[in-house]
Amino acid sequence: MDPEEIKLWELYKSTSRPELQEKIVVKYLKLVHFLAHRLVSFSTPSLDREDLYSAGVIGLLEAIERFDLTKNVSFKTYATLRIKGAIIDEIRRFDWVPRSVRKKSKLIDATIHKLFAELDRLPTDQEIAEELELSMTEYYQLTDSLGPLNLSSLDSTYDSEQGEQNYANMLSDDYDVEVEENKQIMRENLIDSIQSLPERERTVISLYYYENLNLKEIAAVLEVTESRISQIHTAAINKLRAMMQKKRL
């Protein structure tokens, strides 16, 4: 943060003056709009972008109250995690996932891990479908049924020695990889894993996490349906998760 913003934070933390909080909120409302726009593709018909925006604002307010200026972490990074979490919680609140769907998700993960170990490479969608004894149509219907579980993506967090971390933040230009050596290693592993994906999956990951397009916009770029992009995104994330877990063993 620049010196002026640090001064604003120091004054707010010492006085809790509402007008100072308002200044911070206004400064980061664009971030809330941006995250709501990105995550709306995962939402249900009962929720629109304004609903997600409202949830994100609540996440922003919570981030402001909980932010610790002494920990030398950028507020943007911290707030992004909190805002995303609030939006995702709102989506999941309106789209409860049955136990049967969670069981299917675990089955796909287990199948990918099994094939990964046997083949010593990423399995293709065709190979995963065959292992599950499904046609490609049935396999894609299965991945489509996962609904909000698709939010278990690079936007989700994992626990580390430094506390809660986020894979997607490692790909951003403003992510500080010089602070902790292990973060640099994780970033390199993640990039290496992305490079191992099939071209179409790699393109979707790049457009979503690097170019900041949402699924609808990616569908327009690649001239396919938004549902197909969701399928590709889910397939890519399942494989990345398997690779990253293997690298952490």
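Buried means under 20% relative accessible area, exposed means over 50%, and partly exposed covers what falls in between, with a 1.4 Å probe and protein chains only. By that definition, buried residues make up 44% of the 249 residues in the protein chain.

This is a predicted model, in which local features need pLDDT of at least 70 and side-chain atom pairs count only at pLDDT 80 or more, while totals for chains, interfaces and linings use all residues. Residues are numbered from 1 along each chain as its sequence is written, and side-chain values use heavy atoms, with hydrogens and water left out.

**The whole chain**

Begin with a cartoon of the protein chain, which contains 11 helices and 2 strands; helices (H or I, at least four residues) and strands (E, at least two) are DSSP runs, numbered from the N terminus. Followed along the sequence, the pattern reads α-α-α-α-α-α-α-β-β-α-α-α-α. Among contacts (heavy atoms within 4.5 Å) between residues at least 6 apart in sequence, 62% join residues at least 24 apart.

**Helix 1 against helix 3**

Next select residues 3-15, which form helix 1, and residues 49-66, which form helix 3; the two pack at an angle of about 80 degrees, and their axes are 10 Å apart. That angle makes helix 1 roughly perpendicular to helix 3. Here the axes are lines fitted to C-alpha atoms, for helices over the stretch in contact, and angles run from 0 to 180 degrees between N-to-C directions; angles under 35 degrees count as roughly parallel, over 145 as roughly antiparallel, 65 to 115 as roughly perpendicular, and the rest as oblique.

Show side chains at this contact: helix 1 supplies Trp 9, Tyr 12 and Lys 13, and helix 3 supplies Ile 64, Glu 65 and Arg 66. The residues of this contact divide into 3 nonpolar, no polar and 3 charged, where Ala, Val, Leu, Ile, Met, Phe, Trp, Tyr, Cys and Pro count as nonpolar, Asp, Glu, Lys and Arg as charged, and the others, Gly among them, as polar.

**The loops around these helices**

Keep Trp 9 selected and add Asp 68, a residue of the loop between helix 3 and helix 4. Asp 68 and Trp 9 are 59 residues apart in sequence and 9.7 Å apart in space, C-alpha to C-alpha, and Asp 68 is partly exposed at a relative accessible area of 31%. Val 73 is also found in the loop between helix 3 and helix 4 (75-94); its C-alpha atom is separated by 9.1 Å from that of Met 1, although the two residues are 72 residues apart along the chain. Val 73 is partly exposed, with a relative accessible area of 40%.

Then move to Ser 16, in the loop between helix 1 and helix 2 (18-39). Ser 16 has a positive phi of about 60 degrees although it is not a glycine.

**Salt bridges**

The structure holds 8 salt bridges, each being a side-chain nitrogen of Lys or Arg within 4 Å of a carboxyl oxygen of Asp or Glu. Select Glu 19 and Arg 17 to see one of them, with the closest N and O atoms 2.8 Å apart. Glu 19 is partly exposed at 38% relative accessible area, and Arg 17 is partly exposed at 36%.

Another salt bridge pairs Asp 109 with Arg 241, the closest N and O atoms being 3.0 Å apart. Asp 109 lies in helix 5 (residues 99-119) and Arg 241 in helix 11 (residues 226-248), so this pair ties together parts that are 132 residues apart in sequence. Arg 241 is partly exposed, with a relative accessible area of 22%.

Staying in helix 5, select Glu 118 and Lys 114, whose side chains meet in a salt bridge (2.8 Å, N to O). Both residues lie in helix 5, 4 residues apart, about one turn of the helix. Glu 118 is exposed at 52% relative accessible area, whereas Lys 114 counts as partly exposed at 38%. Add Glu 131 to the selection, as Lys 114, Glu 118 and Glu 131 are linked in a network of salt bridges.

**The two sides of helix 7**

Now select helix 7 (residues 136-144), where Tyr 139, Tyr 140, Leu 142 and Thr 143 are buried. These residues cover an arc of only 155 degrees around the axis, which puts them on the same side of helix 7; the arc is that of the directions from the helix axis to the C-beta atoms. On the other side of helix 7, Thr 137 and Gln 141 are exposed.

**Last stop**

Finish at Glu 223, in the loop between helix 10 (215-222) and helix 11. Glu 223 has a positive phi of about 60 degrees although it is not a glycine, and Glu 223 is exposed, with a relative accessible area of 72%.
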